[in-house]
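Open the model in your viewer and keep the selection box at hand. The stops below go one selection at a time.

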Amino acid sequence: MSNSTETAPAAAGRGGPAAAPGSPPSAEFTHRQVITVLVGLMMGMFLAALDQTIMATATRTIADDLNGFNLQAWATTAFLITSTISTPLYGKLSDIYGRRPFFLAAIGIFIVGSFLCGLSQNMYELAAFRAIQGLGAGGLMSLALVIIGDIVPPRERAKYQGYFLAVFGTASVIGPILGGFFAGADSILWVDGWRWVFYLNIPIGIAAMIVVARVLHLPHTRNDHRIDWPGALTLVIGLVPLLTVAEQGRDWGWGSGRAIACYVIGVLGLVGFVLAERAYKDEALLPLRLFRNRTVAVGATSSTILGMAMFGGLMTVPLYLQIVKGSSPTVAGLQMIPFVFGIMAGSITSGQLIARTGRYRIFPIIGSTLMLVSLGLFALIGADTPLWRVMLIMVVMGLGLGGNMQPMITAVQNAVSPREIGVATSSVTFFRSMGGTLGTAIFLSVLFNVLPGKISSAYQDAKIAFPGGQGGTTDLNDTSFINKLPEAVAHPFKVGFADGIQVVFLLALAVMVVGLIVVLFLPEIPLSQRSAQQQRAADAAAAADSDGVPGEAGAGPVRSTAGGGTAH
């Protein structure tokens, strides 16, 4: 193994810790230096957060315009598949080569994907280009969390949490408004309005690259390792077929030849992935040894379940608001603001209490309980449920998510070696993304599978013929016709749609019960007072003083003496 130290600027204004000439960079970061680095991180996170919130309200219009409403899951699933698979790669490679080049690469890939999405002519092209976007998005969120773990001690992260929440809050408020504005415009500068949802990312992304290139300079000691390409390849082979059949199973038939082929290939891929990880040991993409750590195991499992419930809700609620409540994309975005406020309030409250008390275990438990309550309440809403009641449930769900996400990341980062903070953080993010990918594919698949029957039953109960249907069948490729129908004729459609959504929330409720049980096994470990950079520097110094191994302070190698004994 060879080590080479990456050059880091000493000036505080450049975002690197000050150091005396000729000495190693200091691991201490002042408040001003942390803020300087945060500027770059927030730009990248804003890019990803804005894209997700814009898409939440613009998806229906895009799908209708491209005549593929019931294919919209492809665009979402493709994005989530690639972002999920690339997340652990970013974590592992940045542990080896440093954070900055991969954060910049993630932004660049995201920009290219956004440009191509704006050129899409059908839903299949959009799905392919969203997959490219996902390759960039996989690094934006996870690396930002890793870098914060590098420079800020666990007990102090709450002080800086507000900056990240400001990014998400701003994106969550501006995104739906912009998404609704672009989706509602026939054309802007001779281009279809909805295409600006993607083109908007280009100037923001370029600005983010400039800021990151200028301010994000961290000291890094390179550790050369083998790159686990077999693990990455088998992970792709394992996940893509299984996620594809989750989306297409209702059309193919769950027992069809194509579905069975996907099951077999997916299982073989996952088996190959486990074998590759065992062979690569500590150099693996997701080292299996990490999951013997109870905090990491609980964090990964609960994040998978939380991702399923979170993305299921984020995709389903805007559809309910637009189709059942008749809200425009812009109005639906504004109606999601209580959800955002809930997340911010839950995150800020849990973060501040963790900083004061040093205890974190209780917050994921409370958060999971609130998620359980909110999903149960969502399963009771119908076409005639007052909007204020729906918005109150959004607040409860947001509080649950806010109390869950950041405390779990903090717990995992605190429980692992500072040398592995990148791969550990990206592992939790990976499992949350995987849960989101599975949740979106499965829940939307279930929704579109039950909708025709629910809508047909609603029209039969109302003794009204379904408009434009053949024998009561329902065409969901374009739902815009609902807005043109008299209320008496449209109401049964809305009732059937709401009944279908109830099935999705009941399924999410069952999943979240398991999530709450898993979180109860989370151990409470005292939070470290040092950042990962400080721990690495202290370990290396202690190991050097004791003739030890870097990262294993005070545990120097045993040397043989002439008399056959041992000495430390």
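Select serine 368 together with Asn404, Met512, Leu516 and Val519, which serine 368 touches when residues up to four places away in sequence are not counted. The model is predicted. Serine 368 sits in helix 13, which covers residues 362-378. Is serine 368 buried or exposed? Serine 368 counts as buried because its relative accessibility is 1%, and the cut-off for buried is under 20%. Now show the side chains of serine 368 and asparagine 404: a polar contact of 3.2 Å joins them.

Next, select isoleucine 517. This residue lies in helix 17, residues 487-519. Isoleucine 517 has a relative accessible area of 46%, so it is partly exposed, a class that falls between 20% and 50%. Add Val513, Leu520 and Phe521 to the selection: with Ile517 they make a nonpolar surface patch of about 360 Å².

Then go to the interior and select Leu41 and Phe378. The largest nonpolar core has 129 residues, and these two touch the most other members. To see the surroundings of leucine 41, add Phe103, Ala144, Ile147, Ile148, Phe164 and Leu216; leucine 41 touches each of them, leaving aside residues up to four places away in sequence.

For the last stop, select Ile409, Val412, Val416 and Val423. These are among the nine residues of a second, separate core.

Key
Residues are numbered from 1 along each chain as its sequence is written. This is a predicted model: local features need pLDDT of at least 70, side-chain atom pairs count only at pLDDT 80 or more; totals for chains, interfaces and linings use all residues. Side-chain values use heavy atoms; hydrogens and water are left out. Patches are made of residues with over 30% relative accessible area and no salt bridge: like charges are joined within 9 Å, nonpolar side chains (Val, Leu, Ile, Met, Phe, Trp, Tyr) within 5 Å. Accessible areas come from the Shrake-Rupley method with a 1.4 Å probe; for residues, only the protein chains shown count as cover. A salt bridge is a side-chain nitrogen of Lys or Arg within 4 Å of a carboxyl oxygen of Asp or Glu. Helices (H or I, at least four residues) and strands (E, at least two) are DSSP runs, numbered from the N terminus. Buried means under 20% relative accessible area, exposed over 50%, partly exposed in between (1.4 Å probe, protein chains only). A polar contact is a pair of N or O atoms within 3.5 Å; within protein, one must be able to donate a hydrogen and the other to accept it, and residues adjacent in sequence count only if both atoms are side-chain atoms. Contact means heavy atoms within 4.5 Å. A nonpolar core is a set of buried Ala, Val, Leu, Ile, Met, Phe, Trp, Tyr and Cys residues joined through side-chain atoms within 4.5 Å.
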